[in-house]
Each structure stands twice: as structure tokens, then as C-alpha cells.
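Reader: I am new to reading protein models. Please take me through one part closely, in short steps.

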Number of protein chains: 2
Amino acid sequence: MRAEILGVGTEILLGQICNNNAQWISERLAEIGVDVLHHQAVGDNEERIAGAFRLALSRAEIVLSTGGLGPTQDDITREGLARALEVRLVRRPEIESFLREKYRRLGRSMPEANLQQCDVPEGTRYLLPDRGTAPGLICERDGKSVYAVAGVPAEMREMMTGTILPELAELAGPTTLVSRLLRVTGIAEARVSEILDDLFRASANPSIAYLASSGEVKVRLTAKATTRGEAEALIRPLAEEVAERLGAHVFTTGDEELEQVVGRDLKAHGWTVACAESLTGGSLGVRLSLAPGASVYFKGSAVCYTPESKRKVLGVARETIERAGVVSEECAREMARGAREIFGADIGLALTGVAGPEPHDGKPAGTVCVALSAKGAEESSSFRAPGDRDQVRRWSEQSALDTLRRFLSRRS
Amino acid sequence: MRAEILGVGTEILLGQICNNNAQWISERLAEIGVDVLHHQAVGDNEERIAGAFRLALSRAEIVLSTGGLGPTQDDITREGLARALEVRLVRRPEIESFLREKYRRLGRSMPEANLQQCDVPEGTRYLLPDRGTAPGLICERDGKSVYAVAGVPAEMREMMTGTILPELAELAGPTTLVSRLLRVTGIAEARVSEILDDLFRASANPSIAYLASSGEVKVRLTAKATTRGEAEALIRPLAEEVAERLGAHVFTTGDEELEQVVGRDLKAHGWTVACAESLTGGSLGVRLSLAPGASVYFKGSAVCYTPESKRKVLGVARETIERAGVVSEECAREMARGAREIFGADIGLALTGVAGPEPHDGKPAGTVCVALSAKGAEESSSFRAPGDRDQVRRWSEQSALDTLRRFLSRRS
């Protein structure tokens with residue numbers, strides 16, 4: 001079964017955004033064994049949209065489009081699809097009722113502009129959206145299927161995950177691609193690839209691929225088989241070998257973020273954590289707070305962006321700042337102790353450093369100090385994070401979270 | 001002059017990467033007034049690559065491809081292009097000498113795999129690479145031009161910037177596309193489109209387009225003319241009319257984030273701000289800290305994720321929490337006052353609310369309260385943010401930053 005993905009939106013052709021929707025959908029289709037042979041992107045032009053649908057239908061059994069289903073005048077996927085199918089648009093009163101009710105529940109009235117979202121190509125079925133106001137469109141024609149969904153990523157994902165992907169998985173039948181992700185921190189991609197080199201060359205199915213981002217390497221093992229069970233059986237021994245070789249650098253073999261692993265471990269111990277941040281501006285706290293129910297283990301974060309606020313709010317000694325500077329393990333330790341105290345948490349986790357691009361206090365950009373304070377235990381470390389401001393912050397978050405992860409795992 | 005961009009690489013079709021090269025090139029072409037009407041992506045398959053080139057040549061004057069020029073077995077753009085042009089590949093000894101010398105200078109010998117990079121479709125000229133080992137290919141056919149470059153982003157950018165874009169700018173002549181972005185917050189996309197409806201319909205050049213994300217609508221005005229000055233003169237009256245109609249919802253007419261606008265205004269007043277956060281977990285502080293030099297105006301943020309930490313750290317009264325709850329304007333005001341005091345800032349900005357998905361204290365998901373505290377002034381507001389946890393947090397950040405922006409602009 002061949003699929004084609006069409007991105008509708010002038011913003012793509014102007015280079016204002018990347019066609020991330022096509023990437024996400026492609027990954028999901030690969031997981032259910034559907035081959036994607038072509039991507040297209042066209043702007044908000046009825047003729048070119050229609051042409052794109054016709055082209056896709058000429059060479060694929062499944063056509064998925066994103067974008068152009070909104071309530072503004074440049075949203076014309078409905079018109080383009082209708083033209084390609086050579087049908088007219090029909091106004092559906094039940095969609096209008098649905099949308100009016102959605103607005104009413106938010107205490108507002110529906111703008112008349114949303115009425116165009118109630119138009120559907122004749123003979124096409126529609127999916128009412130939970131998120132947003134754009135119904136999805138599903139059209140079957142000569143044994144082929146066209147699915148058109150909104151371009152807003154969260155709306156697209158909801159409709160794909162909720163209805164369309166399950167439908168396609170049924171259609172696709174029992175060829176399955178299974179991927180397992182081992183996520184690794186504290187080690188460079190080139191080193192990971194060296195350690196796994198012989199496995200990489202030896203194995204076509206499962207295959208190994210790497211994706212590096214700041215402070216993390218994802219090692220992806222992908223197996224193809226007729227059933228999920230067979231694919232997983234192919235992956236298992238390889239995953240064990242990879243995990244063995246990479247040791248404690250592996251923070252999860254599931255599709256979890258480092259903060260989720262940490263959250264689980266904190267809950268298991270019944271411990272709470274509070275943070276003290278500086279260069280990360282609050283992003284360490286954001287990560288810890290991301291999981292629903294985080295308030296069980298995350299008390300809060302004192303983001304102290306200036307030396308003065310580190311003193312006032314966290315109680316870092318003036319003498320420490322004068323002698324060692326704010327970018328020091330001594331300062332980080334006092335910040336960690338301070339966070340523990342003011343929030344009344346079991347563990348204090350602190351970060352201080354130089355985001356860049358300029359050096360600070362004679363310390364070069366990328367210098368980062370992490371400290372952890374707990375009852376009867378304290379530790380700290382320093383490192384140089386590579387890259388620009390954003391990468392340094394990302395590395396810092398990873399490093400602090402990994403410090404906490406290793407601390408908790410030593411006490412299991 | 002119409003251009004088409006072709007991304008070659010199975011990794012794109014598997015959704016492992018987004019076609020960022022197409023985005024970058026599209027933006028550059030827009031800057032020199034070349035219209036990009038189509039993007040395509042195909043995998044490492046000679047037949048489909050050839051088909052993609054043929055299709056592009058049938059509907060565009062300029063065809064640019066990225067990817068498939070490397071030294072491995074899955075790099076077959078050369079073969080695909082030769083097939084589309086109906087010519088054979090010719091081995092160029094001067095490219096081989098060039099590559100062997102490149103390796104020699106690195107103290108290595110050239111792997112035999114690189115020999116395929118010395119093959120060029122007959123009648124095609126080539127560009128020797130500074131970065132990497134993949135020559136670029138340039139082919140003219142019936143008044144059209146095909147440019148094929150490496151997929152590695154840095155190599156692609158180098159060849160585009162160094163040679164191809166200047167060549168295309170010459171060909172394009174003095175047509176320029178200029179875009180102006182007005183960014184709007186606190187108003188729904190459908191409402192913006194209603195307000196601007198007559199302008200949208202009346203104006204083909206400049207054109208109006210919308211891009212909505214959580215808590216913001218970008219209104220993009222794009223004009224095409226022979227010179228930059230003319231294009232800007234076309235945009236100016238339209239931009240003024242749009243800004244007039246959208247009033248204080250417009251937070252910038254430049255390409256700035258809301259936090260940059262706020263940072264500028266704070267600096268202009270010589271004022272500092274500190275935040276008190278809860279549901280946002282630290283992300284309000286992250287946004288304020290994002291600009292280099294933010295420590296001039298941003299003191300820090302107290303992220304108090306639990307009722308207890310709001311009391312201990314921010315000094316919110318136990319009685320307020322018991323009577324009004326943590327999700328209340330009273331609590332938000334006390335948080336704002338508390339942040340101002342513990343950080344010694346001129347302004348305290350607070351957010352409290354229910355991120356969801358569950359309600360809290362009888363308040364539904366999406367209930368958010370913002371408060372601002374300054375010397376001799378205090379304000380607060382509540383609203384319902386739509387969407388999931390992430391969207392509620394994003395709306396909350398936008399709302400808090402916009403509250404601060406409007407406060408500062410009233411005092412200019």
C-alpha cells in the first residue's frame with residue numbers, strides 16, 4: 001500500500017515553516033508498514049491544490065493532506081479537493097450546530113468566518129474535531145482514500161491518532177515495523193557510533209540509526225516482520241547488547257523523556273525536589289513539571305537570574321559570590337541547599353553557568369556547574385557544554401536531570 | 001520565474017528528518033523574488049528521482065534538488081538526473097584529482113567509494129565543493145536550469161550562498177518579494193480574518209495571509225515589486241490600516257517575539273520584573289530570559305508548584321488559599337506582590353491556573369489568573385485558555401506577557 005502526503009500552505013513554499021506535519025505522518029505510517037513514496041507541498045492556490053490531489057491519486061492508494069481547512073480566506077483545501085474530485089461543496093448543518101455549541105461552551109459566539117468549515121465535498125465523509133474547529137475530510141474514490149486534516153500540528157495529530165491511523169493500520173494488514181528507542185546521555189554521538197559500529201554493519205533487520213540532539217543521543221532499532229511479536233523478538237537481543245555496551249549512559253529504553261524517568265524514580269522513593277536555576281531561566285522547572293501529577297514530587301524552582309537574587313532568595317553567601325563567583329560549584333551547592341530549604345523539599349537541584357555568547361567572570365561560554373543537595377549527601381560537578389545559547393541551556397537541563405537520575409538510582 | 005525544490009532521501013519519506021533544506025532554500029528564493037510553487041520529496045530510488053526531475057522541469061524554470069550526491073550506495077541523484085535528461089554519466093578526472101588532493105591534505109587517502117562523486121551527467125557543469133566532497137551539478141535544458149546540491153545542510157548552504165543564489169538573483173532580475181509580519185495576541189484567528197476580510201479580498205499585491213499558533217496570530221503582508229523600496233511602499237499603507245484595525249492586539253510589526261517587545265519596553269523605562277509562576281512551571285521566566293542581556297530587566301522567577309510553596313516562598317496568606325483557592329485573582333495578586341518583594345523588582349508578574357486535563361478546586365481546566373503588581377498599581381484578570389496542557393501554558397505565558405506589555409505602554 002503506497003501513501004502520499006500533501007502539505008497545503010503558502011507558508012511552506014515561502015520557507016516560513018518546515019513541513020513538520022509530513023515528517024510526523026511519515027513516521028507514523030512507517031510504524032504501521034505503509035510505504036510513503038512522495039511528499040508534495042503547494043501553496044494556497046485552488047488550481048495547484050487540485051492538481052496536487054490529482055497527481056497523488058494517480059500514483060498512491062492513500063493520500064493525506066494537511067492544511068487549508070481553517071476559517072480564513074486563504075483556507076481553500078475544501079475547494080481544491082472538490083475540484084480534483086469534480087464535485088461541489090455542500091454545507092452541512094450538523095457541523096454548524098457542532099461548532100456553534102463548541103463556541104457556546106467557551107462563552108463565546110461563533111464568528112461567521114467559521115461557516116466555511118461546514119462545507120464538505122459532496123460524497124465525502126467528515127470527522128468532527130475535538131481540538132480546534134476544522135473537521136477532517138475522508139473521501140473514497142476508485143479503491144483509493146483521501147484524508148484531509150487541519151494543518152495545526154496538535155489538531156492534525158489528534159485526528160490522525162484518534163481515527164485515521166487506526167483505520168489505515170487495519171487497511172495495511174499485518175506488515176509491521178517496530179522501533180525501539182534507547183536514549184543515552186553524557187556521551188557523544190561519534191563515540192556511540194564507534195561502540196556500536198560492528199552491530200551497525202552486521203544488521204539490516206533490525207537496523208540501527210542514530211539521532212543526536214543537545215545532550216542526548218537516540219539509538220533507534222527498527223525491525224520489520226509480519227507480526228508485532230516477531231518484530232519485537234528480532235529487536236530484543238540487539239537491544240540487550242546495545243544497552244550492555246552503553247551501560248549507565250542509557251537513561252531509558254522506552255519512549256520517555258529524562259524528566260519522566262526522574263519523576264518515576266522520585267515517586268518510587270516518595271521524595272520531593274526543588275530547583276535553583278540561573279542560566280536555564282526556568283526551563284529545568286518546566287521539564288520537571290511537564291508530566292501530569294508532577295506536583296507529587298516537584299515543589300518548585302527559584303529562578304535567580306542575578307547575583308543579588310541568588311543572595312536574597314536562595315541565601316547564597318556574599319563571600320561565596322565574591323570569592324568563587326556565581327559560576328562555581330560552591331555557588332551551585334549553596335543554591336541547591338537554598339532551594340531545598342525555602343521549598344522544604346527532600347532534594348535541591350541547582351544549575352549555574354554561562355549561557356553565552358559572551359564569557360562571564362572570566363569563565364567561557366558553556367561553563368556549567370550542577371549541584372545536588374539532600375539530607376546527609378551533597379554533590380556537584382562542572383562541565384563545558386558545546387554550542388550556542390539554546391544548546392548550552394539544553395545540555396544543562398539534561399545534565400542536571402541526569403545527575404538526579406544517577407543519585408536516585410544509586411539509592412534504589 | 002518559477003522554481004521547484006526537490007528533496008532526495010529516503011530518510012525524509014520515513015519521517016526521520018524534516019525537509020529543512022527546502023525551507024531554507026524557499027526563504028532565500030523569496031528574498032530574491034523567485035516564486036516557489038512546488039516542493040517534492042522522493043526516496044533513494046532512481047526511477048522516482050528521474051520522475052521527480054521530469055515533473056519539475058515540466059512546470060518550473062528553475063529546479064533545485066538537495067541530497068543523493070554522497071559516496072554511499074544509496075546516493076543516486078546523479079543516475080536519476082541523467083535518466084531524466086536522457087544522457088549518460090561521464091567520469092571527470094579533474095574532480096577525482098580534486099577529491100584525492102582534499103583527502104591528502106587531511107592526511108588520509110580517498111576511499112574508493114568517493115569515485116562515484118566524480119561522475120557527472122553528460123553536458124552538465126559542476127561546482128567543486130569547499131565543504132564536503134559532493135560536487136554540485138548545474139544543467140541547462142530548453143531555457144530551464146537544474147541545480148543539484150548535497151543534502152548535508154552546511155554543504156548545501158555553502159554552495160547555494162557562494163554560487164547558485166547569486167546566479168539566480170541575476171537571472172531573476174530586479175523583482176523582489178518583501179514580507180512584513182504583524183503579530184497579534186488576545187484575539188482569535190477567525191475574528192482577525194473577519195476584521196480584515198475586505199482588505200484580504202481587495203488586495204492581490206500586497207497579499208494577506210494568516211498563521212495561527214497558541215495565543216497568537218501572525219498576519220503576513222507580502223508585496224512583489226522591482227525594488228525593495230517599491231515593495232515596502234506598497235506594504236506601508238496596508239500595514240497601517242491593518243494595525244489601526246487590530247489596535248492594541250498588535251504587539252509588534254517587526255519579527256520580534258512578545259518577550260522581546262516587553263524586554264525593550266522594560267529597558268526603556270529602566271524597570272525590572274520578577275515572576276511568580278505555578279502552572280507554567282518556569283516557562284514564563286524562560287521566555288523573559290531568552291534575549292541576551294535579559295539580566296538588565298529580568299530578576300528571576302519563583303516557580304511555586306504547590307500551595308505550600310506559594311505560602312512559604314511567596315508569602316501568600318493561608319487565609320487567601322483557604323477562602324479563594326490558589327486559582328484566584330486574589331492569590332495571583334499576592335503572588336505578584338511576593339515576587340516583587342523577594343526579588344526586589346519594580347514589577348511582579350504572576351500566573352496561577354489549571355493546566356488540566358483534570359479540574360482543580362472546582363475550577364475547570366484552562367482557568368487562568370494573571371496579576372501584575374507595581375508601586376502604586378496593581379491589576380489582575382482571569383480567562384479560559386483553550387486546548388490541552390501545553391496550549392493552556394502557552395496561552396498563559398502570552399497573556400501574562402501581554403498584560404505586562406499593555407501596562408508598560410500605558411505608561412509611555
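How many salt bridges does a search of the whole structure find over all chains? And how many of these bonds are counted between chain A and chain B? The contact of the two chains is the part I would like to see closely, along with the strands that lead away from it.

Author: One caution comes before the numbers. This is a predicted model. Now to your first question. The search of the whole structure gives 67 salt bridges over all chains. An example inside chain A pairs A:Arg333 with A:Glu378, with N and O 3.0 Å apart. Where do these partners sit? A:Arg333 belongs to helix H14 (residues 329–343) of chain A, while A:Glu378 belongs to strand E17 (residues 377–384) of chain A, so the salt bridge ties together parts that are 45 residues apart in sequence.

Your second question takes us to the contact of the chains. Three salt bridges are counted between chain A and chain B. One of them links A:Lys299 to B:Glu308. Their closest N and O atoms are 2.7 Å apart. Polar contacts add to the picture. The rule finds 31 residue pairs in polar contact across the interface of chain A and chain B, with both residues at pLDDT 80 or more. What kinds of residue does chain A bring to chain B? On that side there are 28 nonpolar, 26 polar and 16 charged residues.

Next comes the extent of the contact. Chain A puts in 70 residues, and chain B puts in 74 residues. Between them the two chains bury about 5,700 Å². Carbon and sulfur atoms account for 56% of that area. Which residues of chain A should you pick out? Look for A:Leu13, A:Gln73 and A:Tyr305. They supply 11% of the area that chain A buries against chain B, more than any other three residues.

Now look at the backbone. A strand of each chain takes part in the pairing here. Strand E2 (residues 35–42) of chain A pairs with strand E2 (residues 35–42) of chain B. The two run antiparallel, and five bridges join them. To find the place, start at A:Val42. Opposite A:Val42 stands B:His38 in E2(B).

That pair of strands is part of a sheet. The sheet is open, has 12 strands and shows mixed pairing. Its order is E6(A)-E7(A)-E8(A)-E3(A)-E1(A)-E2(A)-E2(B)-E1(B)-E3(B)-E8(B)-E7(B)-E6(B). What stands at the edges? Strand E6 (125–127) of chain A and strand E6 (125–127) of chain B stand there, each with a single partner strand, so one side of each has no neighbour in the sheet. From one strand to the next, the twist averages 15°.

Step along the sheet into chain A. Strand E3 (residues 62–66) and strand E8 (residues 144–149) of chain A run parallel, joined by five bridges. A:Leu64 has A:Tyr147 in E8(A) as its bridge partner. Then step into chain B. Helix H4 (residues 77–85) of chain B lies across strand E1 (2–8), strand E3 (62–66), strand E7 (136–141) and strand E8 (144–149) of chain B. The helix runs at about 5° to E7(B).

Chain B also has an open sheet of four strands. Its order is E10-E11-E9-E12, with antiparallel pairing. Strand E10 (207–213) and strand E12 (250–252) of chain B are at the edges with a single partner strand each, so one side of each is left without a neighbour in the sheet. The twist here averages 35° from one strand to the next. Strand E9 (residues 176–184) and strand E11 (residues 216–225) of chain B are joined by nine bridges. In that pairing, B:Arg180 has B:Leu221 as its partner.

End with some backbone details further along. Most residues other than glycine have a negative phi, and most peptide bonds are trans. The bond from A:Gly356 to A:Pro357 is cis, with omega near 0°. A:Pro357 is in the loop between strand E15 (347–353) and strand E16 (367–374) of chain A. That loop also holds A:Asp361. Phi of A:Asp361 is positive, near 55°. In chain B, the bond between B:Gly356 and B:Pro357 is cis, with omega about 5°. Beyond, E16(B) and E17(B) form a hairpin with two residues between them. Eight bridges join these antiparallel strands. B:Gly376, in the turn, has a positive phi of about 75°.

Note on methods. Residues are numbered from 1 along each chain as its sequence is written. Chains are lettered from A and ligands numbered from 1 in the order in which they are written. This is a predicted model: local features need pLDDT of at least 70, side-chain atom pairs count only at pLDDT 80 or more; totals for chains, interfaces and linings use all residues. Side-chain values use heavy atoms; hydrogens and water are left out. Contact means heavy atoms within 4.5 Å. Buried area is the accessible area (1.4 Å probe) that two parts lose on being put together, summed over both. A salt bridge is a side-chain nitrogen of Lys or Arg within 4 Å of a carboxyl oxygen of Asp or Glu. A polar contact is a pair of N or O atoms within 3.5 Å; within protein, one must be able to donate a hydrogen and the other to accept it, and residues adjacent in sequence count only if both atoms are side-chain atoms. Ala, Val, Leu, Ile, Met, Phe, Trp, Tyr, Cys and Pro count as nonpolar, Asp, Glu, Lys and Arg as charged, and the others, Gly among them, as polar. Two strands pair if DSSP finds at least two bridges between them. Axes are lines fitted to C-alpha atoms, for helices over the stretch in contact, and angles run from 0 to 180 degrees between N-to-C directions.
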